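Dear colleague,

I am handing over the structure we talked about, and below it I have set out what was found, so that you can follow along with the model open.

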Amino acid sequence: MSQSKPYNIHRILIAIDDSQPAKWAVDVGLGLAEQIAGKVMLLHVIEPRPIVPGRELARLAASVLRDQAEALLMQARLSFPLAVEVETALRDGVFPAPEILAVAKEWKADVIILGTRGRGRLEELVLGSTADAVMRRSPCPVITVASEPKSQSIEQQEWTGVGSDCADPISAHSDSAIPCGDGPN
């Protein structure tokens with residue numbers, strides 16, 4: 001088997017909204033950025049709201065949405081230490097996924113991180129999933145975050161093999177299979 005180069009991650013795009021999974025995605029992105037000394041782009045897509053009667057009222061509603069979006073980005077930005085280079089971007093779009101993908105391509109992101117709400121099947125069928133649409137069309141790897149991340153760094157976590165017996169595929173068929181978690185590091 002040939003040795004492959006490790007994937008180089010330097011540019012982390014984190015798509016956020018005002019949900020709890022988005023806050024967890026920021027936490028994951030922060031941890032990754034600190035470990036790799038990467039650059040971060042925080043992105044929020046403003047989805048249009050129902051039409052408001054009257055031009056002045058519609059203009060006011062749009063202004064409030066933009067102010068809320070800028071405050072959301074600023075709050076997320078403030079969670080990063082000064083040592084991490086962070087940019088922010090606002091986009092307008094009926095569907096967030098195409099905007100996220102466009103920014104990923106324009107900014108040349110190495111990885112996209114976003115929260116996922118875990119909607120039910122019917123809601124997913126009717127509304128679709130931003131995370132699913134991004135994963136299917138992304139120009140780079142995508143990390144979706146659906147639960148609160150653990151506070152351990154990646155080096156401290158114990159990883160086990162995939163599968164029901166979580167044994168190494170080669171040792172699973174030998175007389176001395178390696179038990180879960182006791183394999184070589």
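Asp92 is partly exposed, with a relative accessible area of 45%, and please keep in mind for this and every other value here that the model is a predicted one. The side chain of Asp92 meets that of Arg66 in a salt bridge, with 2.7 Å between N and O. Because Asp92 lies in strand 3 and Arg66 in helix 2, this pair ties together parts that are 26 residues apart in sequence. Arg66 is likewise partly exposed, its relative accessible area being 32%.

The structure holds four salt bridges. In another of them Glu99 pairs with Arg91, where the closest N and O atoms are 3.4 Å apart. Glu99 counts as buried, at 19% relative accessibility, which is worth reading with some care because the cut-off for buried is under 20%. Arg91, with a relative accessible area of 22%, is partly exposed. These two residues also belong to a network of salt bridges that links Arg91, Glu99 and Glu106.

A salt bridge of another kind of setting joins the side chains of Asp132 and Arg136, at 2.9 Å from N to O. Both residues lie in helix 5 (residues 130-137), four residues apart, which is about one turn of the helix. An α-helix has 3.6 residues a turn, so residues three or four places apart point the same way. Asp132 is partly exposed at 28% relative accessibility, whereas Arg136, at 63%, counts as exposed.

Turning to helix 2, which carries Arg66, this element spans residues 55-78 and has 24 residues. From its first C-alpha to its last, helix 2 reaches 35 Å, close to the 34 Å expected at 1.5 Å a residue. Which residues of helix 2 are buried? They are Leu65, Ala69, Leu72, Leu73, Ala76 and Arg77, and what covers the buried residues of this helix includes helix 1 (20-36), strand 2 (39-46) and strand 3 (86-92).

One residue that touches helix 2 from strand 2 is His44. His44 has its place in strand 2 and is buried, with a relative accessible area of 12%. Leaving out residues up to four places away in sequence, His44 touches Ala69, Leu72 and Leu73, and also Ile16, Asp17, Ala89, Leu90 and Arg91. The side chain of His44 reaches the backbone oxygen of Ile16 at 2.8 Å.

Strand 2 runs parallel to strand 1, and five bridges join the two; within this pairing, the bridge partner of Arg11 in strand 2 is Lys39. Four of the five residues of strand 1 are buried, so this strand is largely enclosed by the rest of the structure. Ala15 is found in strand 1 (residues 11-15), and Ala15 counts as buried because its relative accessibility is 8%. Not counting residues up to four places away in sequence, Ala15 touches Leu43, Ile100, Ile113, Leu114 and Gly115. The C-alpha atoms of Ala15 and Val103 are separated by 9.8 Å, although the two residues are 88 residues apart along the chain.

Finally, the nonpolar interior. The largest nonpolar core has 21 residues, of which Ile12, Ile14, Ile16, Val40, Leu42 and Phe80 touch the most other members. Strand 1, helix 1, strand 2, helix 2 and strand 4 (111-115) are the elements that give two or more residues to this core, and the largest share, seven residues, comes from helix 1. Ile14, leaving aside its neighbours within four places in sequence, is in contact with Ala25, Val26, Gly29, Val40, Met41, Leu42, Leu43, Phe80 and Ile113. Apart from the largest core lies another, of 19 residues, among them Met41, Ala109, Val134 and Cys140.

With best regards

Notes: Residues numbered from 1 in each chain as written. Predicted model: local features only at pLDDT ≥ 70, side-chain atom pairs only at ≥ 80, totals over all residues. Heavy atoms only, no water. Expected span 1.5 Å × (residues − 1). Buried < 20%, exposed > 50% of the residue type's maximum accessible area, 1.4 Å probe, protein only. Contact = heavy atoms within 4.5 Å. Core = buried A, V, L, I, M, F, W, Y, C linked by side-chain atoms within 4.5 Å. Polar contact = N/O pair within 3.5 Å; in protein donor to acceptor, adjacent residues only side chain to side chain. Pairing = 2+ DSSP bridges.
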